[in-house]
Amino acid sequence: MSGDSVDRLMARGFELLEALDFDRAVRVGNQLLSRRHTSGFEILALAHSGLGDTERAVQILEDGVKKGPTVWVLWQLLGNYRSDLGRYAEAHVAYEKALECPQANKSSVHLNVAIALSRQERFSDAMIQLQLVEDKALQTRVESQRLGIFNDQGKYDEAIRHGEQVLAMLDSGEDNEVWSGILASLGEAYWRGQGNRDRALELAWESLAHSRGSQNALWLIRQVEGQVSQAAVYYRILVEGDWPERDEDGSELGFFIMYDVVADSVEEAMTYVRRCESEDIGPSLRANECEVLGPRPTDPKGVYQHKGYIVFSREAEDE
């Protein structure tokens with residue numbers, strides 16, 4: 001296969017990962033491996049992680065670094081997944097190997113080392129690693145991590161001062177997911193440090209506008225609102241709605257999305273769901289299927305998580 005064809009296959013693999021189509025991404029990763037291309041290890045690891053099998057991702061990468069010992073991104077990803085599994089000593093070994101690779105993006109590696117150190121509550125060491133990140137393109141991620149460290153240390157006033165400076169200095173359009181994290185961390189600092197309910201909720205909702213799946217923002221909203229009920233249960237709801245855009249052929253589109261919600265009833269659960277969706281989608285939402293996973297009398301009510309949209313053609317549905 002020509003180099004151009006391999007490049008197209010790589011691009012396809014990353015497109016599938018972006019679309020959360022992990023099963024098809026696995027097939028593309030295996031195709032790349034059959035052509036002895038190390039990007040296959042990266043795509044396979046990311047896909048298996050997306051499918052919830054981090055252990056398998058680690059196994060793939062451990063094989064990958066044997067085949068491509070100078071491919072820094074494989075070492076970094078191996079460090080990341082070992083860190084996710086709490087295998088920190090092994091994670092740091094992988095990061096050191098990544099830094100030794102001739103074409104390593106050292107700023108990226110130092111940032112990921114800082115994340116692992118933060119998880120270990122080695123906050124001073126983590127801050128030192130953040131100072132080693134020189135790539136300006138990673139500045140937003142650095143500030144997000146720095147804010148998280150301030151919160152973890154209970155330095156809420158410092159987090160607020162720094163966070164407000166970051167909001168004034170950086171471009172909010174750089175990276176939606178990371179910017180969402182900054183907003184949620186700043187909101188947490190206002191809530192934990194000052195008990196400022198209004199500012200915390202304002203930042204949490206703004207965080208969700210940038211990344212609707214933000215676990216930190218959803219947690220903050222539940223904590224600040226603090227609604228608990230003896231009648232509450234944990235619902236897993238398959239939500240159906242109307243997509244605001246049409247297909248290329250002009251046909252109407254619908255979508256499904258899975259929500260986990262703690263509420264007193266399905267009707268109340270749907271009010272929480274609608275708050276998390278945009279105004280052009282919210283009114284069309286309805287519960288298609290619902291599963292009760294058990295009572296939650298002491299857990300705050302609200303949305304706990306939701307997964308990506310599955311869009312389909314209404315015309316195909318009718319047929």
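**View 1. The largest cavity and its lining.** About 50 Å³ of space lies in the largest cavity of this predicted model, a cavity being a set of points, on a 1 Å grid over the protein atoms alone, where a 1.4 Å probe fits but cannot get out, and a volume being the space filled by probe spheres set on the points, which are joined across faces, edges and corners. The count comes to one cavity of 30 Å³ or more. Its lining (residues with an atom within 4 Å of a point) consists of Trp205, Leu208, Leu218, Ile221, Arg222, Tyr272, Arg275, Cys276, Gly302 and Val303. Two or more of these residues come from each of helix H12 (197–210), helix H13 (215–225), helix H14 (266–276) and strand E4 (302–306).

**View 2. The second largest pocket.** The second largest pocket, an open set with protein on both sides within 12 Å along at least five of seven lines, holds about 160 Å³ of space. Asn176, Ala209, His210, Ser211, Arg212, Gly213, Ile257, His306, Lys307, Gly308 and Tyr309 line this pocket.

**View 3. The surroundings of Ser313.** Ser313, which belongs to strand E5 (residues 310–313), is buried (under 20% relative accessible area, 1.4 Å probe, protein chains only), with a value of 17%. Leaving aside residues up to four places away in sequence, Ser313 touches Ser251, Glu252 and Leu253, contact meaning heavy atoms within 4.5 Å.

**Notes to all views.** Residues are numbered from 1 along each chain as its sequence is written, and side-chain values use heavy atoms, with hydrogens and water left out. Because the model is predicted, local features need pLDDT of at least 70 and side-chain atom pairs count only at pLDDT 80 or more, whereas totals for chains, interfaces and linings use all residues.

Terms used:
Helices (H or I, at least four residues) and strands (E, at least two) are DSSP runs, numbered from the N terminus. Buried means under 20% relative accessible area, exposed over 50%, partly exposed in between (1.4 Å probe, protein chains only).
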